[in-house]
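Here is a short tour for someone opening this entry for the first time. Keep the sequence and the 3D view side by side while reading.

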Amino acid sequence: MTRFTVNDRPVQYRMDPETPLLWALRDASNLTGTKYGCGRGDCGACTVDIDGEAVRSCQVTIGKTEGRFVTTIEALSPDRGHPLQQAFAAENVSQCGYCMSGIIMAASVLLRRTNDPTDAEIDAAITNICRCGVYPRLRGAIKRAGRIMRGEDQAGDNPIQAAPPPGITPDEAVRAVPALRKP
């Protein structure tokens, strides 16, 4: 039995210790925000925070995670209030969205280290692949999240720019977030 902490809750997996963390999170814990992309650690869609480091969960086994602390996108902010989530919505970063949870998790680790990252620091920390090519907006959103964290921006205070709260209907979301409106 493998034991560690996921999203501040102790877990025990009765799975082969060689099982990739990605599959334990998705299949055994139903934490489907962590996405399967390439299975080789190249794309970063499966990135989670393990003890303060951005880690590709397809490349680490649950046996190697024994006794550690894992944070997934589901625990970043239950109300979508994390500065990264607010900035990504305000900057309209996401297109298809498949890679976003991994990118946001890598960015959250970066912003805990420095809330005023340079372009070079962002490029070094965010090695995730986005097939939609959102990289210019991505940099802007990470910098904006840093400004929110420093108290220099208030994207989270403006309901027009912020992500809709959980439980909002699609019709309400369209009214609240202009980027969701049909042309």
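Helix 4 and helix 6 are oblique to each other, because their angle of about 45° is neither under 35 degrees nor within 65 to 115. Helix 6 covers residues 135-150, and its axis lies 11 Å from that of helix 4. The crossing of the two is right-handed. This model is predicted.

Which residues bring the two helices together? From helix 4 come I103, A107, L110 and L111. From helix 6 come L138, I142, A145, G146 and M149. Eight of the contact residues are nonpolar, one is polar and none is charged.

Helix 4 spans residues 100-113 and has a second set of partners. The helix lies across strand 3, strand 4 and strand 5. Its angle to strand 3 is about 35°.

**The sheet**

Those strands belong to an open sheet of five strands. The order is 2-1-5-3-4, and the pairing is mixed. Which strands form the edges? Strand 2 and strand 4 do, each pairing on one side only. Neighbouring strands are turned by 40° against each other on average, direction ignored. Strands of a sheet pair through backbone hydrogen bonds, in either a parallel or an antiparallel sense.

Strand 1 and strand 2 take the antiparallel option, over five bridges. R3 has Q12 in strand 2 as its bridge partner. V6 stands opposite R9 in strand 2. The two strands form a hairpin with two residues between them. One residue of the turn, N7, has a positive phi of about 50°.

**Two residues, two settings**

T2 lies in strand 1. Is T2 buried or exposed? T2 counts as buried, because its relative accessibility is 3% and the cut-off is under 20%. Beyond its neighbours within four places in sequence, T2 is in contact with several residues. Among them are V11, Q12 and Y13. M15 and P17 also touch T2, as do I62, G63 and E66.

R131 sits elsewhere, in the loop between helix 5 and helix 6. Helix 5 covers residues 119-125. R131 is exposed, because its relative accessible area is 84% and the cut-off is over 50%. The C-alpha atoms of R131 and G97 are 10.0 Å apart, although 34 residues separate them along the chain.

The table sets out the accessibility of these two residues.

| Residue | Place | Relative accessible area |
|---|---|---|
| T2 | strand 1 | 3%, buried |
| R131 | loop between helix 5 and helix 6 | 84%, exposed |

**The whole chain**

How many helices and strands does the chain hold? The count is seven helices and five strands. From the N terminus on, the elements run β-β-α-β-β-β-α-α-α-α-α-α. The chain has 183 residues, and 43% of them count as buried. Take the contacts with a separation of 6 or more: residues 24 or more positions apart account for 58% of them.

Notes. Residues are numbered from 1 along each chain as its sequence is written. This is a predicted model: local features need pLDDT of at least 70, side-chain atom pairs count only at pLDDT 80 or more; totals for chains, interfaces and linings use all residues. Side-chain values use heavy atoms; hydrogens and water are left out. Two strands pair if DSSP finds at least two bridges between them. Helices (H or I, at least four residues) and strands (E, at least two) are DSSP runs, numbered from the N terminus. Axes are lines fitted to C-alpha atoms, for helices over the stretch in contact, and angles run from 0 to 180 degrees between N-to-C directions. Contact means heavy atoms within 4.5 Å. Angles under 35 degrees count as roughly parallel, over 145 as roughly antiparallel, 65 to 115 as roughly perpendicular and the rest as oblique. A crossing is left-handed if the near helix is turned anticlockwise from the far one by less than a right angle, and right-handed if clockwise. Ala, Val, Leu, Ile, Met, Phe, Trp, Tyr, Cys and Pro count as nonpolar, Asp, Glu, Lys and Arg as charged, and the others, Gly among them, as polar. Buried means under 20% relative accessible area, exposed over 50%, partly exposed in between (1.4 Å probe, protein chains only).
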